[in-house]
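Here is a short tour for a newcomer. Keep the sequence and the 3D view open while reading.

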Amino acid sequence: MASPFAHLPASIRARLGELDTSWLDEERSTCSACPLVSEGEVGVAYPFSMAREARCCTAQPNLANFLVGRVGDVPAVRARLAERDGVTAWGLRAVTGYDDTFSQRAKGGFGRDVSLRCLFWVGGDHACGVWDGRSARCRAFFCRHEHGLAGAMSWSQAAGLGVSIEATIAEHLVTTLAGAPSADASPDDLLAWYARCASAVDGLDEAEALAIIRAVPPATPAAPVDRIAGSPRGRLITKLRVQRRAVAEVLVPAVSATQRHGERVLVAGYSSFDAVSAPPSVFALLARLDGTTPWRTALAELGYDQALDESLVYELHRVGALRDPAGSDDLPETE
Ligand code: SF4
């Protein structure tokens, strides 16, 4: 699995330590054959599905100057430069107002509202016109997670860290490279600048890399060199990545939503995009999980069968639709 920091320069990655290694393959997120689009096309309702023309690219990530330069002069970047709004020497930011309303609009539109769609969207397998230069925000996004919410949170925290590092690198380049273009520079001049940024970032020396690491928010100039891995956020990412929740003998329902579809019921815990397909008899099982009855006893009372078995319980637990009432499933938090 590629690290969510794989696009950062080697001199920066060298300072990320364990945060840059051993990320899981999230094999449930088969992007080129999106499982949520497939669900939508057999009639599963939103938010248990996504629209083919929107998918998870219903967001507008910023693209720092050196990442634009990595992509080069491609149609998606040319089209974005023509828009002008949000185009500077720093890179390509979301257009005015987009971020202000995103949270509210995404509640009902993420995965289906085409008007929220990324300006780099081109359709096709990965749908992305800037794939090689895409931000950590996109590299770390998966709709389904091998380790449920802990997995989702580890990727989300890594995305936040990656975006902060990207932004700090972009600011460093604007400050230290001569000849940063004005916002009204021609597309060709901007492209030439972004290409210079991509080239410069690969040549960052140790002192520059250290200065950048120390400037990543929250900046603490006196902090130790390894403070990203050792920072509260770094430590939280590590804890989330290693969390492997045992399935307790007693579990209780923690279902956030359900959706009937034909002979199936989709049961959600941490996310409707990572729901479990179950037979309708799952409700009889949930009703028996009263906080004292072991789930194996409940299954036995119902009579194990092909549709209602231990693997279904493990899946419901993975997505957080079942949890340990004693709290062993609770996520780690920052100090
Ligand atoms: S940059 Fe690419 S992967 Fe990221 S949201 Fe835009 S189109 Fe999708």
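## Thr293, a buried loop residue

This is a predicted model. Start with Thr293. Its relative accessibility is 17%, below the 20% cut-off, so Thr293 counts as buried. Thr293 sits in a loop. On one side of that loop is α12 (282-288), and on the other is α13 (295-302).

What does Thr293 touch, leaving out residues up to four places away in sequence? The contacts are Val250, Arg288 and Ala298. Val252 is 41 residues from Thr293 along the chain. The C-alpha atoms of Thr293 and Val252 are 9.3 Å apart.

## The second largest pocket

Next comes a pocket. The second largest one has a volume of about 180 Å³. Its lining is made of 14 residues. Nearest the centre lie Leu149, Arg245, Gly320, Arg323 and Asp329.

The lining of this pocket is mixed in class: six residues are nonpolar, three are polar and five are charged. Two domains take part. Domain 1 (10-242) and domain 2 (252-323) each give at least three residues to the lining.

## Asp329, at the pocket

Asp329 is one of the residues nearest the centre of the second largest pocket. Where along the chain is Asp329 placed? Asp329 belongs to the segment after β8 (322-323).

Is Asp329 buried or exposed? Asp329 has a relative accessibility of 7%, which is under 20%, so this residue counts as buried. With residues up to four places away in sequence set aside, Asp329 touches Gln243, Arg245, Ala246, His317, Leu322, Arg323 and Asp324. Arg245 and Arg323, both among these contacts, are also listed nearest the pocket centre.

## Two nonpolar cores

The largest nonpolar core holds 47 residues. Ile12, Phe66, Ile165 and Ile169 have the most contacts inside this core. Several elements supply at least two core residues each: β1 (63-64), α3 (65-71), α4 (75-83), α7 (148-176), α8 (187-202) and α9 (206-215). The largest share comes from α7, with nine residues.

Take Ile169 as an example. Beyond its neighbours within four places in sequence, Ile169 is in contact with Leu8, Pro9, Ile12, Phe66, Val201 and Ile212. Another core, of 20 residues, lies apart from the largest one. Its members include Val265, Leu289, Ala298 and Val313. Ala298 has already appeared here, as a contact of Thr293.

How values were computed. Residues are numbered from 1 along each chain as its sequence is written. This is a predicted model: local features need pLDDT of at least 70, side-chain atom pairs count only at pLDDT 80 or more; totals for chains, interfaces and linings use all residues. Side-chain values use heavy atoms; hydrogens and water are left out. On a 1 Å grid over the protein atoms alone, a cavity is a set of points where a 1.4 Å probe fits but cannot get out, and a pocket is an open set with protein on both sides within 12 Å along at least five of seven lines; lining residues have an atom within 4 Å of a point. Grid points are joined across faces, edges and corners, and a volume is the space filled by probe spheres set on the points. Ala, Val, Leu, Ile, Met, Phe, Trp, Tyr, Cys and Pro count as nonpolar, Asp, Glu, Lys and Arg as charged, and the others, Gly among them, as polar. Domain bounds come from an automatic or database domain assignment. Helices (H or I, at least four residues) and strands (E, at least two) are DSSP runs, numbered from the N terminus. Buried means under 20% relative accessible area, exposed over 50%, partly exposed in between (1.4 Å probe, protein chains only). Contact means heavy atoms within 4.5 Å. A nonpolar core is a set of buried Ala, Val, Leu, Ile, Met, Phe, Trp, Tyr and Cys residues joined through side-chain atoms within 4.5 Å.
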